[in-house]
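Colleague: Please take one part of this model and go through it closely. I would like the surroundings of a single side chain, then whatever can be said about the helices and the enclosed space.

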Amino acid sequence: MTALIARGIDQFRFNFEGILQRTLLVLGVLFLMLGLLAPLATMLLKSLQDQQGQFVGVANFVEYFTNPALFSSIINSLIIACWTTVIVVSCAFISAYALTRSGMVAKKGFRIISSLPLFAPSLLPALSMIYLFGNQGVLKDWLPVDSIYGPVGIIIGLSFWIFPHALMILTTALANSDARLYEAAKALKTPAWRVFFTITLPGVRYGLVNTIFVCFTLAITDFGVAKVIGGQYNVLATDIYKQVVGQQNFQMGAVVSIILLCPAILSFWIERRVQKRQTAQVGARAVAIRPEAQPIRDMLLFGFCGLIGAFLLLVIGMAVYASLINFWPYNLDLTLNNYQFDMMDGGGWESYFNSLRMAFWVSLIGTLIVFSLAYLNEKMNVFPWLRKVMQFLAMLPMAIPGMVLGLSYIFFFNAPDNPLNVIYGTLAILVLNTLVHFYTVCHLTAVTSLKQIDKEFESVSASLKVPFYTTFFKVTLPLCLAPVLEISVYLFVNAITTVSAVVFLYSADTTLASVAVINMDEAGDTAAAAAMAVLLMVTALGVKGCHWLISHQILQHTQRWRQA
C-alpha cells in the first residue's frame, strides 16, 4: 500500500513538473508574440489602409515613393549611415589595434574614456555639437561647412555615440588570435603590410563585418541626434516622428516604418549568414599574442588614441559645462539654475523620477523574464519545436528599430477592442516596450552563460527526483549570478537613456527624462536639455559603479570557489 502511494506521488510530481514546464514555455512564447509579433503585424496592416481604415493596398507606398520630398529621406539616411559607418569603423579599428597589438601606454585610461558614450543618451552629443559648432559655438570657425545643423552635425554626433559599440567588437576580435602565425611570418621575413592583409585582416573578418552592420543599423535607425541637430535635413527616423506627431498621419508613419525596417532586417540577415561561415581562429594549441614595443608605431597610435579620447572628453565636457552656464554666450557665470527642471517646459523633475521607476521595473522584471525564458529554452526538453520558435522570437528584436517598435505599440495597444488596451498610456506599456526592445542582447548573454553549465546537473537532479525549479534556484541561478547582474544593469542603463522606442508612448503622467530633453530643446531651453542629458549620464554611471561594487562583493562571497 505504501509503495503504491509513493509511486502515485512520484507520478503526480512527474506530471506536475511536465505540465509546469510546458505551461511556462507556452506563456513565454505568448509573451514574445504579444510584445513583438502582434504589434508589428498591426503596423503592417495599417500601412495598407487609408486614414478611414479602408484597405488601399500599396497606395500609401506609391504615394511615398512618388513624393520627392519624402523619398529624399531614404537617400539622406543612406548617406548618413554610410559616412558614419566609414568614419566609426576606421577610427575604431585603429584604436582597437592600438589597445590589443601595440605597447602603447595608458591603455586602461583610454578604455575608460572610450566607454563613456555608452552611458549617455544619443541626444547629449547633438546638444554638445550646438555649443561647440553652432551659430554661437566656441569652435564655429573650425567647422569646414556653413552650418552644423544638417548632415555634418548628424554624422559627428552619431560617430561619438556609436564609436564605443564598434570599439568593443573590434577589440574582442583583435584580442583573439594565434601568435604562432605572426612568429612564422617573422621567421619568413614577411613584410608588415603583407602580414596585415594575409593574417590580421582575415582573422578579424567576422568581427569587422559585424561591426560594419552594427554601425550601419544604429546610424540609420537613430532618432535622437537627427531630431536635435538635423535641421531641415530629413531622415527616415525623423520622418516617422513628423508624420505621426506633427501631421497625425499614422498610415504614412507606418509606411516609413516598414521602409526603415528593410535595411535593419537586411543587415541582420547578412550578419547571420556571415556568422554561419565563421570558423574558430584560436585552437587548443594557440598561443596568446604579447604585443612588442615599437617606439615610433606606439607613439603614433598613442597620438591617434589621444585625439579620439580628447574629442570624446570635449563633447562630454562641453555638455556638462553648458548645463552649468547662466546664459550662453552672454553670461558665463556658473549656476545650477538649469537643473531647476520644474521651471522649464518639458516634464520637470517628475520625468526624471518616472525614468528611474521605469528603468527599475525594466531591470527587475526584465532580468527575471529573460533569464527564466532562456533557462526553459536551453535546459528543458519539452516542446522542441516551440523552443525553436522562442529562439527565433528572441533574436528578432535586434532587427527592429526603436521608432518602429514604438509606433507598432500605438497601433496594437490603442485599439479599443484590444483587452490589453488598459495598459496604454501607463508606465506598464513603457516597461514592456523597453524590455522587448533590448531583449536580444540579454537573451544571448543568458544563453551563453547557461551553455557553460553542464546538462549533467539537470540529469542528476532528475535521477534524484529533485524538482527542476529547485535545481534552478539552488544550482543554476547561483552559478549564473554574474551574467544575471550584468543583464540587470544593461537593462537599467539602456532603459534610462532610450528615447526612440518610448517617444510615442508616454502620457502626461509618464513623461520620461529622455523625452523631456527633446521637449526642452524644442522649447528653446537648450541649457536645461543639456542638464537633463548630463543628469541621465551621471545616473547611468552611478548605477554602473554601484553594480560593480555590489557584484564584486557578492561574487567574492558566493563564488570564491571559482578562484580556488
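Modeller: In this predicted model, the side chain of Ser114 reaches the backbone oxygen of Arg111 at 2.9 Å. Ser114 is found in helix α4, which covers residues 107–115. With a relative accessibility of 4%, Ser114 counts as buried, because the cut-off for that class is under 20%. Leaving aside neighbours within four places in sequence, the contacts of Ser114 are Phe163, Pro164, Leu167 and Leu312.

Leu312 is also one of the buried residues of α13. Others on that list include Asp298, Leu301, Cys305, Ile308, Gly309, Val315 and Ile316. Helix α13 takes in residues 295–323, 29 residues, and at 1.5 Å a residue these should span 42 Å. The end C-alpha atoms of α13 are 41 Å apart, which agrees with that expected span.

As for enclosed space, the structure holds one cavity of 30 Å³ or more. The largest cavity contains about 60 Å³ of space. Its lining is made up of Ser77, Ile80, Ile154, Leu158, Ala219, Ile220, Asp222, Ala226, Val235 and Ala237. Two or more lining residues come from each of α3 (68–101), α6 (151–175) and α9 (205–221). By class, the lining of the largest cavity divides into eight nonpolar residues, one polar and one charged. The charged one is Asp222 and the polar one is Ser77.

Conventions. Residues are numbered from 1 along each chain as its sequence is written. This is a predicted model: local features need pLDDT of at least 70, side-chain atom pairs count only at pLDDT 80 or more; totals for chains, interfaces and linings use all residues. Side-chain values use heavy atoms; hydrogens and water are left out. On a 1 Å grid over the protein atoms alone, a cavity is a set of points where a 1.4 Å probe fits but cannot get out, and a pocket is an open set with protein on both sides within 12 Å along at least five of seven lines; lining residues have an atom within 4 Å of a point. Grid points are joined across faces, edges and corners, and a volume is the space filled by probe spheres set on the points. Helices (H or I, at least four residues) and strands (E, at least two) are DSSP runs, numbered from the N terminus. Buried means under 20% relative accessible area, exposed over 50%, partly exposed in between (1.4 Å probe, protein chains only). A polar contact is a pair of N or O atoms within 3.5 Å; within protein, one must be able to donate a hydrogen and the other to accept it, and residues adjacent in sequence count only if both atoms are side-chain atoms. Contact means heavy atoms within 4.5 Å. The expected span of a helix is 1.5 Å times one less than its number of residues.
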